[in-house]
Structure formats: structure tokens, C-alpha cells
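Here are some notes for a first look at this structure. Keep the view open while you read, and turn to each spot as it comes up.

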Amino acid sequence: MNGVDHDDVLRLLDKFNAAWNAHDLSAAIELCTEDVVFESTNPAPDGRRVVGRAAVRAEWRAIFDQPHGQFEGEEIFVTGDRVVQRWRYNWGSGHVRGVDVIAVRDGLIAEKLAYVKG
């Protein structure tokens, strides 16, 4: 598990989720490895894969810029260095539900694979 225990992973996810809901892109990126991998939910059907902090920052910019967007965690499962997080994203006039599959390495987010219902 790369020296990260269950409670450390939960604390990391709490900080990461708080950064998302505070719309603090810099804080979220700092919680990721330099070579972080992100797979988005679109375009359908497979999404887009980006690698590295700069590319992920650019990919996340639009969602962080949405002033009313908020993630509501529904459930988190931690097993070793993997996390499955169910969530609901609300933007004021609607919402979508989804799941992230996250890998943790050296106390940071190394991979975030996003999936949505619909």
C-alpha cells in the first residue's frame, strides 16, 4: 500500500473533496502526484484520459469554475491503495450521480477514473 494506511487514505480523500467543494483547484492539484492520471466522464462512451498535473489542471478548470457546483459524498470504500467513492454532483438546477475509482501512491492521488450514471 505504499506506506499509506486506511485512515491516511480517508484523510487524503477528505482534503481532496474539501478542495473540490471550495473550488480550490491549486489545493486539489497539490494532493495529486506529478504523474497523476485522470479519466473524465466525457466524451461518451469512454471519456478522455489526461496525464500529469498541468494537463489535469487544464481538464478540471471548467468544473472548478462553476460557482454553484458541489460534490456530495455518498459512500467511500478503501481497500489497500484503492478507493471507490460514490458521489452526487449538484450544480443548482440539476445533478448527476457517479463513481470515482482512485489510486493512492505515496500519500497522494495517483489516478482518478470518473464514471457517471446516465
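The points below go through pockets, cavities, one helix and a few single residues.

1. A word on the source before anything else: this is a predicted model. Please read everything that follows with that in mind.

2. Start with the largest pocket, which has a volume of about 440 Å³. Its lining is made up of 19 residues, and nearest to the centre you'll find Phe38, Ser40, Thr41, Asn42 and Ile63. Three elements give two or more residues to this lining: α3 (53-64), β4 and β6 (108-116). The largest share, 4 residues, comes from α3. As for chemistry, the lining of this pocket splits into 12 nonpolar, 4 polar and 3 charged residues.

3. Now move to the second largest pocket, with about 150 Å³ of space. Going along the chain, its lining takes in Glu39, Ser40, Thr41, Ala44, Pro45, Asp46 and Gly47, and then Ala114, Tyr115 and Val116. Here β6 gives the most, with 3 residues. By class, this lining has 5 nonpolar, 3 polar and 2 charged residues. You may recognise Ser40 and Thr41 in that list, since they also came up among the residues nearest the centre of the largest pocket.

4. How many cavities of 30 Å³ or more does a search of the whole structure find? There are 2. The largest cavity has a volume of about 110 Å³, and the second largest about 30 Å³.

5. Let's look at the largest cavity in more detail. It is lined by Phe16, Asn17, Trp20, Asn21, Phe71, Glu72, Gly73, Gln85, Trp87, Asp100 and Lys112. The elements with two or more residues in this lining are α1 (6-21), β3 (70-79) and β4, and α1 has the largest share with 4 residues. The mix by class is 4 nonpolar, 4 polar and 3 charged.

6. The second largest cavity is lined by Trp20, Asn21, His23, Ile63, Gly69, Phe71 and Tyr89. Its lining counts 4 nonpolar and 3 polar residues, with no charged ones. Trp20, Asn21 and Phe71 belong to this lining and also to that of the largest cavity. Ile63 is another familiar name: it is part of the lining here and lies among the residues nearest the centre of the largest pocket.

7. Two residues from the lining of the largest cavity are worth a stop, and Gln85 is one of them. Gln85 sits in strand β4 (residues 82-90). Is Gln85 buried or exposed? Its relative accessibility is 4%, so Gln85 counts as buried. The Gln85 side chain makes a polar contact of 2.6 Å with the side chain of Asn17, which also lines the largest cavity. Setting aside residues up to four places away in sequence, Gln85 touches Leu13, Asn17, Glu75, Ile76, Gly98, Val99, Asp100 and Ile102.

8. The other is Lys112, found in strand β6. Lys112 has 6% relative accessibility and therefore counts as buried. What does its side chain pair with? A polar contact of 3.0 Å joins it to the side chain of Asp100. Beyond residues up to four places away in sequence, Lys112 touches Phe16, Trp20, Val37, Phe38, Glu39, Trp60, Asp100, Val101 and Ile102. Asp100 is thus a contact of Lys112 as well as of Gln85.

9. Next, helix α3. Its buried residues are Arg53, Val56, Trp60 and Phe64. Looking down the axis of α3, you'd see these buried residues fall within an arc of 70°, so they line one face of the helix. The face turned away from that buried side carries the exposed residues Ala54, Ala58 and Ala62. What covers the buried residues of α3? The cover includes α1, α2 (25-30), β1 (32-39), β2 (49-51) and β6.

10. Last stop: Val51, in strand β2. With 48% relative accessibility, Val51 counts as partly exposed. Val51 and Phe38 are 13 residues apart in sequence, with 6.4 Å between their C-alpha atoms. Leaving out residues up to four places away in sequence, Val51 touches Asp35, Val36 and Val37.

Key:
Residues are numbered from 1 along each chain as its sequence is written. This is a predicted model: local features need pLDDT of at least 70, side-chain atom pairs count only at pLDDT 80 or more; totals for chains, interfaces and linings use all residues. Side-chain values use heavy atoms; hydrogens and water are left out. Buried means under 20% relative accessible area, exposed over 50%, partly exposed in between (1.4 Å probe, protein chains only). A polar contact is a pair of N or O atoms within 3.5 Å; within protein, one must be able to donate a hydrogen and the other to accept it, and residues adjacent in sequence count only if both atoms are side-chain atoms. Contact means heavy atoms within 4.5 Å. On a 1 Å grid over the protein atoms alone, a cavity is a set of points where a 1.4 Å probe fits but cannot get out, and a pocket is an open set with protein on both sides within 12 Å along at least five of seven lines; lining residues have an atom within 4 Å of a point. Grid points are joined across faces, edges and corners, and a volume is the space filled by probe spheres set on the points. Ala, Val, Leu, Ile, Met, Phe, Trp, Tyr, Cys and Pro count as nonpolar, Asp, Glu, Lys and Arg as charged, and the others, Gly among them, as polar. The arc is that of the directions from the helix axis to the C-beta atoms.
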